[in-house]
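I opened my notebook for a fresh look at this one. Here is what I looked up, in the order I went through it.

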Amino acid sequence: MKFIIRGKNLEVTDSIKSYIEEKIGKLDKYFEKPGELTANVIVRVKGKDQIVEVTIPAKKIILRGEESSEDLYASIDLVSDKLERQIKKNKAKMNNMKGKKMVAEFNFDVVDTLEDEKERLIAKRKDLEMKPMSEEEAILQMELLGHDFFIFKNDNIDQISVVYKRKEGNYGIINTK
């Protein structure tokens with residue numbers, strides 16, 4: 001796996017780079033052709049927190065993990081473990097996908113199934129009546145419902161949009177095409 005490692009508000013030293021490459025490089029065993037993949041790693045500081053964000057775009061699937069702690073090396077360990085859990089946890093789903101070509105880049109021979117993981121089923125379905133509203137109205141509605149996201153018909157662009165609350169406390173908007 002190739003690495004692109006960048007630091008924000010932090011100088012990424014050779015020892016940090018080698019530790020990232022060692023920990024995230026252990027994920028190579030889960031890919032058929034790890035040499036074709038590039039892991040994008042962003043290391044940043046926010047207050048006391050050392051944040052590590054890793055994105056590994058494969059052909060049809062994007063693995064992404066972000067972790068923070070007061071110790072940079074602990075954050076790297078946490079994000080590495082998180083990505084490995086994502087692969088293991090979703091092994092069955094990816095194996096059962098129609099058209100094995102979607103996940104052909106994964107090597108499932110080395111993935112052990114998690115014994116304590118139960119198969120997740122859809123527990124609830126909901127039909128939504130979409131009335132046009134502004135982004136501000138959607139944020140208010142989301143806050144009133146106590147949800148982390150809200151789907152609405154955006155009257156500014158006449159499309160279905162999703163407003164969501166970000167970790168920093170501000171909001172994001174996803175627009176459909």
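These entries go from the overall fold to the pocket and then to two loop residues.

**Entry 1: the model and its fold.** I noted at the start that this is a predicted model. I counted elements next, and the protein has 4 helices and 8 strands. Reading from the N terminus, I wrote down the order as β-α-β-β-β-α-α-β-α-β-β-β.

**Entry 2: burial, contacts and surface.** I looked up how much of the chain is covered: of the 177 residues, 31% are buried. Then I turned to contacts between residues at least 6 apart in sequence, and found that 39% of them join residues at least 24 apart. For the surface, I have about 12,100 Å² exposed by the protein. Carbon and sulfur atoms supply 49% of that area.

**Entry 3: the largest pocket.** My next stop was empty space. Rolling a probe the size of a water molecule over the atoms shows where such space is left. What volume does the largest pocket have? I got about 350 Å³. Its lining comes to 14 residues, and I marked those closest to the centre: Lys126, Leu128, Leu145, Phe150 and Ile151.

I also asked which elements give two or more residues to this lining. They are α4, spanning 135-145, and β6, spanning 149-154. With 5 residues, β6 gives the most. Sorted by class, the lining has 8 nonpolar residues, 4 charged ones and 2 polar ones.

**Entry 4: Asn9.** I went through backbone angles next, and Asn9 caught my eye. Its phi is near 60°, a positive value, and the residue is not a glycine. Where does Asn9 lie? I found it in the loop between β1 (2-8) and α1 (14-25). I then checked whether Asn9 is buried or exposed. Its relative accessible area is 70%, and the cut-off for exposed is over 50%, so Asn9 counts as exposed.

**Entry 5: Asp158.** I kept a page for Asp158 too, since its phi is positive at about 55° although it is not a glycine. This residue sits in the loop between β6 and β7 (159-165), and β6 is the strand I had already noted for giving the most to the pocket lining. Asp158 has a relative accessible area of 57%, so by the over 50% cut-off I logged Asp158 as exposed.

**Entry 6: side by side.** For my own reference, I put the two loop residues together. Asn9 has a phi near 60° and is exposed; Asp158 has a phi of about 55° and is exposed.

Terms used: Residues numbered from 1 in each chain as written. Predicted model: local features only at pLDDT ≥ 70, side-chain atom pairs only at ≥ 80, totals over all residues. Heavy atoms only, no water. Buried < 20%, exposed > 50% of the residue type's maximum accessible area, 1.4 Å probe, protein only. Contact = heavy atoms within 4.5 Å. Areas by Shrake-Rupley, 256 points an atom, 1.4 Å probe, with all protein chains shown as cover. 1 Å grid on protein atoms, 1.4 Å probe; cavity = no way out; pocket = protein on both sides within 12 Å on 5 of 7 lines; lining within 4 Å. Points joined across faces, edges and corners; volume = space filled by probe spheres on them. Nonpolar A, V, L, I, M, F, W, Y, C, P; charged D, E, K, R; others polar.
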